Amino acid sequence: MSGSEAEKQAAARAAAALVRDGDLVGLGSGSTVAHLFPALAARGLAIRCVAASPSSEQAARAVGLEVVPFEQLARLDVAIDGADQITRDGWLIKGGGAAHTREKIVAAAADRFIVIGGAEKLVDALEPPIPLELLEFGLAATLAALQPVTLRDVPRSPDGGIIADYHGPIEDPAQLATRLSATPGVVDHGLFPPELTNTAIIARGEGILAFEIPHG
Ligand code: 5RP
């Protein structure tokens, strides 16, 4: 296992240890969270999970986790997910795997959202690109309103959204998040504000850095 793969596994195992018997658990997606599924299954807890992507659903089921639909559940006890970038004050960029819309819904529904990653995910300041999910209707007009933006050559989201990336500067993440959310045609973007996240678990070499995200 490469150093960074070992860090992903260490962060995922540390997060798995925080899940309690009986929890409703939100599962994110990506290569870091892939290490969470066997770690959770190994604990043998009576938990039910919802998955933010079809690939996570399949991988979680493959190790014996119970995955239930997310249409009828108003809240989750905990959600765990990776990120592309994590700042010390709790801003995240997500969506490298194009699943940020569903991942944000899962994170927002959880009483406690834990973000996990290897050391390279912890950054001093967020850097573009910011993943976007867009409606096809009016796409050219949406792209014109969002410049600079590029379409990503990946399949549509499970909800039919088109995946793109915003490449402009991120001087004020809150202001930019507001602007992206307010642009008609944007389903959602990959900027996750600190209010969404409770705990960050970063693995660096043999060590684990866990910190709570200050709210307000
Ligand atoms: C998918 C995501 C992932 O959590 C993010 O891209 C990190 O992925 P990985 O753990 O493979 O580095 O946001 O939409």
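The exercises below, each with a worked solution, deal with a sheet, a helix, a cavity and a pocket in a predicted model.

Residues are numbered from 1 along each chain as its sequence is written. Because the model is predicted, local features need pLDDT of at least 70 and side-chain atom pairs count only at pLDDT 80 or more, while totals for chains, interfaces and linings use all residues.

**Exercise 1.** Describe the order of the strands in the open sheet of six strands, and find its edge strands.

*Solution.* Begin with the terms: strands (E, at least two residues) and helices (H or I, at least four) are DSSP runs, numbered from the N terminus, and two strands pair if DSSP finds at least two bridges between them. With these rules the order of the open sheet is β2-β1-β3-β6-β13-β14, and its pairing is mixed. The edges are β2 (48-51) and β14 (207-212), since each of these strands pairs on one side only. Now look inside the sheet, where β1 (residues 24-27) and β3 (residues 76-81) run parallel and are joined by three bridges. One bridge partner in β3 is Ile 80, which belongs to Leu 27.

**Exercise 2.** Decide whether α4 is mostly covered or mostly open, and name its buried residues.

*Solution.* A residue is called buried when its relative accessible area is under 20%, exposed when it is over 50%, and partly exposed in between, with a 1.4 Å probe and protein chains only. Seven of the ten residues of α4 are buried, so that the helix is mostly covered. The buried ones are His 100, Thr 101, Glu 103, Lys 104, Val 106, Ala 107 and Ala 109.

**Exercise 3.** Explain where the largest cavity lies with respect to domain 1 and domain 2.

*Solution.* On a 1 Å grid over the protein atoms alone, a cavity is a set of points where a 1.4 Å probe fits but cannot get out, a pocket is an open set with protein on both sides within 12 Å along at least five of seven lines, and lining residues have an atom within 4 Å of a point. The largest cavity has a volume of about 40 Å³, and α4 gives the largest share of its lining, three residues. Domain 1 (3-125 + 192-208) and domain 2 (130-190), with bounds from an automatic or database domain assignment, both give residues to this lining, so the cavity lies between them.

**Exercise 4.** Which elements each supply at least two residues of the lining of the largest pocket?

*Solution.* The largest pocket holds about 270 Å³ of space, and 15 residues line it, with Ala 51, Pro 69, Phe 70, Glu 71 and Arg 102 closest to its centre. The elements are β2, α3 (54-62) and α4 (100-109).

Definitions and conventions
Side-chain values use heavy atoms; hydrogens and water are left out. Grid points are joined across faces, edges and corners, and a volume is the space filled by probe spheres set on the points.
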